[in-house]
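Me: Got a minute to go through this one with me? I'd like to start with burial and then jump around a bit.

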Amino acid sequence: CRRSWREYEARLRELESERQAVEEDRQQVDRYKQLLLKQRDIMIALTARLNERDEQIMALQEELEGVERVARHAEDQLDGRTAELYALRKAAMEASTS
């Protein structure tokens, strides 16, 4: 009877040890789960920020393209006016020499 009682106590200690190990594993899994949820939330927030920056960059690129179009148009007009001025000066020089 003593032997079976000792075996029973030993088995009981084993089961308690296994139960504690399972509980610790469950707690660790819960901690990892919380960590993964935090990481997911951070990734979602970072993705949103990146999307906002992408939108800002695209808007700035469009604005820059508009400014460059205006600058090219102004340069073309200036080139035309400069050509006109040279033509008028040349005509005036030719008229004054003849």
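Me: So what share of the 98 residues counts as buried?
Reply: 0% of them. Keep in mind that this is a predicted model.

Me: OK, and how many helices and strands does the protein have?
Reply: One helix and zero strands. The radius of gyration is 42 Å, well over the 13 Å from the globule rule for 98 residues, so the protein is more spread out than a compact globule.

Me: What does the C-alpha trace span along its principal axes?
Reply: About 140 × 15 × 10 Å.

Me: Got a pair that shows sequence distance next to distance in space?
Reply: Take Thr47 and Val70: they sit 23 residues apart in sequence, and their C-alpha atoms are 35 Å apart. Thr47 is in helix 1, and its relative accessibility is 40%, so Thr47 counts as partly exposed.

Me: Switching to surface. How much of the accessible surface belongs to carbon and sulfur atoms?
Reply: 57%, out of about 9600 Å² for the protein.

Me: Which residues form a nonpolar patch there?
Reply: Trp5, Tyr8 and Leu12, with about 360 Å² of accessible area together. Leu12 belongs to helix 1, which covers residues 2–97. With 45% relative accessibility, Leu12 is classed as partly exposed.

Me: Now charges. How far apart are the mean positions of the positive and negative ones?
Reply: 11 Å, for 18 positive and 22 negative charges.

Me: And how many salt bridges does the structure hold?
Reply: Five. As general background, side chains of opposite charge can pair when their charged atoms come close.

Me: Walk me through a few?
Reply: Sure. Arg11 pairs with Glu14, with 3.1 Å between the closest N and O atoms. Both are in helix 1, three residues apart, about one turn of the helix. Arg11 is partly exposed at 42% relative accessibility, and Glu14 is partly exposed with 42% relative accessible area.

Me: What's the N to O distance for Arg19 and Glu16?
Reply: 2.7 Å, in a salt bridge between their side chains. Arg19 and Glu16 are three residues apart in helix 1, so about one helical turn separates them. Arg19 has a relative accessible area of 47%, so it is partly exposed; Glu16 is partly exposed at 33%.

Me: Which residue does Asp41 meet in a salt bridge?
Reply: Arg40, at 3.1 Å from N to O. Asp41 is partly exposed with a relative accessible area of 42%, and Arg40 is partly exposed at 47% relative accessibility.

Notes
Residues are numbered from 1 along each chain as its sequence is written. This is a predicted model: local features need pLDDT of at least 70, side-chain atom pairs count only at pLDDT 80 or more; totals for chains, interfaces and linings use all residues. Side-chain values use heavy atoms; hydrogens and water are left out. Helices (H or I, at least four residues) and strands (E, at least two) are DSSP runs, numbered from the N terminus. The radius of gyration is taken over C-alpha atoms; the globule rule is 2.2 Å times the number of residues to the power 0.38. Buried means under 20% relative accessible area, exposed over 50%, partly exposed in between (1.4 Å probe, protein chains only). Accessible areas come from the Shrake-Rupley method with a 1.4 Å probe; for residues, only the protein chains shown count as cover. Lys and Arg count as positive and Asp and Glu as negative; His and the chain ends are not counted. The place of a charge is taken as NZ of Lys, CZ of Arg, CG of Asp or CD of Glu. Patches are made of residues with over 30% relative accessible area and no salt bridge: like charges are joined within 9 Å, nonpolar side chains (Val, Leu, Ile, Met, Phe, Trp, Tyr) within 5 Å. A salt bridge is a side-chain nitrogen of Lys or Arg within 4 Å of a carboxyl oxygen of Asp or Glu.
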